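Here is a friendly walk through one protein chain, written for someone who likes to check contacts and cavities by eye. Please keep the viewer open as you read.

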Amino acid sequence: SANRVAHGILAAKGVDRTPVAVLMDQEDPAIPSLLGVLKAGRPYVFLDPNDPPTRWESILNLTGADILITTGHAAAQMEGRATCSLLAYEDLDAGDDSRNPGIDVGPDHLAAIFFTSGSTGEPKGVARDHRQFLHSTWLNTSTYFVSPNDRQSLLYFPGFTASVPNIYDTLLNGATLCALNPRRTPPSKLAAWMRAERITHFNPPVGLWRNLLEAIAPGEPWPDLRLVTLAGQPIYGRDLRDFQHRFGNGTVLLFVLAMTEAGAVTQSYLDHTAIAGDDPIPAGYPVADKEITILDDAGRPVEPGRTGLIAITSAYLSLGYWRDEAQTRERYRPDATD
């Protein structure tokens, strides 16, 4: 399916590096679509079907996407709205070539553009290359030992950068990716889905995780679940205790500090021997190949125990903000102390 998507893109526009937009959620054929975009040598950007069409149009204009891949129903909705070529997945999957297109893609090539929520201003497109995707996969494979026996959840919309480890950790290790749209599934049914799918690595948004804990009873067996990863917002001592009360010693909680611009920054593993008060859980230790420095307003390192700005030094950061050189120069510096 991914190869047919790639050939559909190449037939429509030829070999190019222009972004391709995908209007789908995680329960649509999003994975073969994004893989097809990458096989065609292009970066992908996702449009959320739940967003208003005005946001779709804004992202299409900002990225300059010349192709939009979607389902047949959504393609009909976009007729007359999109200034780019519309490709319906069902048509591509039905008739195009299934051979690998063999387009050369290097580590420096742009892989995807992820748009921030815009909660602190205008949404910004963050550009990530193949090198960062592969480093993220190597890091996670090495630290929590992804194997072909794993079955990982995909609850995040593929247009969120949090989906990157879900998708690529799983597929590049020959494991199984289990997709579900949590906006259509109440927490009580989510627990049943986890059991039916025999999820070994569960990676939910923190708010959804708390709702799930309220829906399940302590002492229920979870023989398959070995790891729960939480990221995106702080967690507290009560979250750790709730986890310990509901899951057995065979399940470990991983708390990750991550951001769209830098990917995973720190990790903290918490098992049933961990003890915490009611304060936020510490962010843990820096991941491999990323150095963290806390700076004051003048850009100087602060003394231990003091607060300040987080500066991350690494060869595996995102490339910057899409078509926003001023913001990129402000946030991405050759030396954090400059």
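The second largest pocket is lined by L35, L38, V105, G106, P107, H130, F133, L134, Y168, L171 and L172. Its space comes to about 210 Å³. Keep in mind that this is a predicted model. Three elements give two or more residues each to this lining: α2 (30-39), α6 (130-144) and α7 (163-171). Of these, α6 supplies the largest share, three residues.

Two of the lining residues, F133 and Y168, lead on to the aromatic side chains. Ring pairs join F133 and Y168 with Y44, F46, F114, F157 and F160 in a cluster. Across the whole structure, a search finds 11 aromatic pairs. One of them brings Y44 and F46 together edge-to-face, with 5.6 Å from centre to centre and 85° between the planes. The planes count as edge-to-face because their angle is over 60 degrees. Both partners are buried: Y44 has a relative accessible area of 1%, and F46 one of 6%.

A further pair, W209 with F247, is stacked, its centres 5.6 Å apart and its planes at 20°. This pair links distant parts of the chain, 38 residues apart: W209 belongs to helix α9 (residues 206-215), while F247 lies in the loop between α10 (237-246) and β11 (252-259). Why do W209 and F247 count as buried? The cut-off is under 20% relative accessible area, so W209 at 1% qualifies, and so does F247 at 3%.

The table gathers the relative accessibility of several buried residues, including two cysteines.

| Residue | Relative accessibility |
|---|---|
| C84 | 12% |
| C178 | 5% |
| W209 | 1% |
| F247 | 3% |
| W222 | 12% |

How many disulfides are there? The count is zero. A disulfide would need a pair of cysteine sulfur atoms within 2.5 Å. Burial is a separate matter, and both C84 and C178 count as buried.

Next come the charges placed over rings. R195 lies over the face of W222, 3.8 Å from the ring centre. W222 itself is found in the loop between α9 and β10 (227-231), and it counts as buried at 12% relative accessibility. If you would like a long distance to check in the viewer, try W222 and D51: their C-alpha atoms are separated by 35 Å, with the two positions 171 residues apart along the chain. The other contact to look at involves K124, whose charged end sits over the ring of Y321, at 5.5 Å from its centre.

Finally, turn to helix α1 (residues 2-13). Does its length fall short of the expected span or agree with it? At 1.5 Å a residue, its 12 residues should span 16 Å, and the end C-alpha atoms are 17 Å apart, so the two agree. The expected span takes 1.5 Å times one less than the number of residues. Within α1, the buried residues are A2, N3, V5, A6, H7, G8, I9 and L10. Just after this helix, G14 adopts a positive phi of about 80°.

Technical notes: Residues numbered from 1 in each chain as written. Predicted model: local features only at pLDDT ≥ 70, side-chain atom pairs only at ≥ 80, totals over all residues. Heavy atoms only, no water. Buried < 20%, exposed > 50% of the residue type's maximum accessible area, 1.4 Å probe, protein only. Phe/Tyr/Trp six-rings, centres within 6.5 Å; stacked < 30°, edge-to-face > 60°. Helix = DSSP H or I, 4+ residues; strand = E, 2+ residues; numbered from the N terminus. Lys NZ or Arg CZ within 6 Å of the ring centre and 35° of its normal. 1 Å grid on protein atoms, 1.4 Å probe; cavity = no way out; pocket = protein on both sides within 12 Å on 5 of 7 lines; lining within 4 Å. Points joined across faces, edges and corners; volume = space filled by probe spheres on them.
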